[in-house]
Amino acid sequence: MHTDFRGHKLTTSNELAAKSCANAMDSYMQRKSDVTGHLQAAIEHDPECAIAHAYQGLMLHGAKNATYQNMVNESLAKAKQFSSNISDREHFYIKALEFASKGQLLDAVSCFEAILETCPTDGFALSLCQAELFWLGDMRRSLAASSLVAPHWNGNIPGYSEFLAMHAFDLEEAGQYQEAEAAGRLAVDIQPANIWATHAVTHVMYMQGRHTEGIDWISGLQDNWQDVGQMQFHVWWHKCLFHLERAEHDAVLEGYDNWVRNREHSLVQALPDLYIDLQNGSSLLWRLELAGVDVAHRWQEMADVVVGRVADMSSPFTSAHFAVILAAVKDFSACEQLIDAIKHYSHNGEGTLTSHYAKAALPAAQAAVAHRRGEYQQVVDILYPARKNLWLMGGSHAQQDLFFQILLDAAAKCGDQRKVDLLLGEIEQIGFVEPAQLASYKLIKQQHA
Ligand SMILES: [Fe+2]
């Protein structure tokens, strides 16, 4: 019998296919760039390996790109075709893929949770569970999942560092900063290349306003990321946020051009419209502009790859960032198409994301466009009543903060001091320690005092 590195059965008669599947699972948990390569190798070694096809489909689904839907469906069909002798655990992966392919994302989460009930050290299932819940905005449920399996993990189990990283991020988003930092630091001590753990501790430092420490933390670890995929660009985004807090705008632009959004980088060339990269890039440029920095041509290349994806409803948080990008280049026609597509999907679409689009992505996108048009009262009218729904877009507190900055800036420009003060209080409740001391909010308050 072949297994993954934690002893879970992988149904295939081909040893190399099993090894490739196991490598893919661990590469995914480690945020490495070679996951797809391992899965393709697994399928080449055993074209009838059901779980390899299921994993492949789940990876394609996770890329949040509507043009991948046919490939997701093909992977699902093959996984089901070859599923006659697979384990219950493997059946749950295929079931999760089937739900995901139909947009029933909470049902997919339930499948991952079912796997974890009987296989608590299936770190790959935990990783997929966290990813799905993160983009649904439900990190409390993700924390429940990692907390439930925590007693089953220890340093003798391969992947312990990766487990700690996941648990650390769940804890951080729940505001349990001390526990999060301890788990994240332990994970990095075990494996310095653990970028997900590095990221969790980075979040703690950002939420607590430890900006200089954050730069030092990332600088001390960034040389370990040669094998890491796009996640490294996101951690560079975080590093740029720390520099922004210290008004080191040249360092932010250097980080942006070389890492956050470097079109020459091989990973970006392979996937120039990857959702997380576009979120990072647009979120950073908007903040730079708020700080009075001329970002010149930088919006346009993102707008060029986004304009063809206005009807892509696979990620509410990404669609809201698409609005930020298209509005920045003043392509208001594309903005309208995007907003119309969101409205249509909200009313006529199926699956978990429809309400997330209706309640959060739609007002966020409309507000981003209105802000760029200078219609600040409109921003407040749209986004203020929806602000407590914004978590439905998914993303971290640090990422979602962009839309609170848009709202707060608009409220300040409208001279609505009561809302400015109230919003700052609410942002503190979200988990930011002293938000009024953050560069963006300080600036907004100064400009409109
Ligand atoms: Fe982050």
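A cavity is a set of grid points where a 1.4 Å probe fits but cannot get out. In this predicted model, the count comes to 1 cavity of 30 Å³ or more. About 40 Å³ of space lies in the largest cavity. Its lining is made of Ala63, Lys64, Asn65, Tyr68, Leu271, Asp273, Leu274, Tyr275 and Arg309. By type, these lining residues divide into 5 nonpolar, 1 polar and 3 charged.

Two of the residues that line the cavity, Ala63 and Leu274, appear again in the description of the largest pocket. This pocket has a volume of about 1,300 Å³. It is lined by 45 residues, and the closest to its centre are Tyr28, Met59, Gly62, Ala63 and Leu274. Several helices supply two or more residues each to the lining: α2 (35-45), α3 (50-62), α4 (69-81), α7 (123-134), α11, α13, α15 (266-270) and α16 (275-290). Among these elements, α3 gives the most, with 7 residues. The pocket lining divides into 23 nonpolar, 16 polar and 6 charged residues.

Helices α11 and α13, both named in the pocket lining, also lead to the metal site. What are the protein donors of the iron ion? They are the NE2 atoms of His199, His203, His234 and His238, lying 2.1 Å from the ion. Along the chain, the donors follow the spacing H-x3-H-x30-H-x3-H. One pair of these histidines links distant parts of the chain: His203 belongs to helix α11 (residues 195-207) and His238 to helix α13 (residues 231-245), 35 residues apart. Both His203 and His238 are buried.

The angles among the 4 donor atoms run from 88 to 180°, and the site is irregular. The reason lies in the cut-offs: four donors count as tetrahedral if all angles lie between 85 and 135 degrees, so a site with an angle of 180° does not qualify as tetrahedral.

The last topic is the cysteines. A disulfide is a covalent bond between the sulfur atoms of two cysteines. How many disulfides does the count come to? The count comes to 0 disulfides. Cys49 is in no disulfide, and the nearest cysteine sulfur, that of Cys21, is 4.3 Å away. That distance does not meet the cut-off, because a disulfide needs a pair of cysteine sulfur atoms within 2.5 Å. Is Cys49 buried or exposed? Cys49 counts as buried because its relative accessibility is 0%. Cys240 also counts as buried, because its relative accessibility is 2%, and the cut-off for buried is under 20%.

Key:
Residues numbered from 1 in each chain as written. Predicted model: local features only at pLDDT ≥ 70, side-chain atom pairs only at ≥ 80, totals over all residues. Heavy atoms only, no water. Donors = N, O, S within 2.8 Å, 3.2 Å for Na, K, Ca; no water. Tetrahedral: all angles 85-135°; square planar, octahedral: opposite > 155°, others 65-115°. Helix = DSSP H or I, 4+ residues; strand = E, 2+ residues; numbered from the N terminus. Buried < 20%, exposed > 50% of the residue type's maximum accessible area, 1.4 Å probe, protein only. 1 Å grid on protein atoms, 1.4 Å probe; cavity = no way out; pocket = protein on both sides within 12 Å on 5 of 7 lines; lining within 4 Å. Points joined across faces, edges and corners; volume = space filled by probe spheres on them. Nonpolar A, V, L, I, M, F, W, Y, C, P; charged D, E, K, R; others polar.
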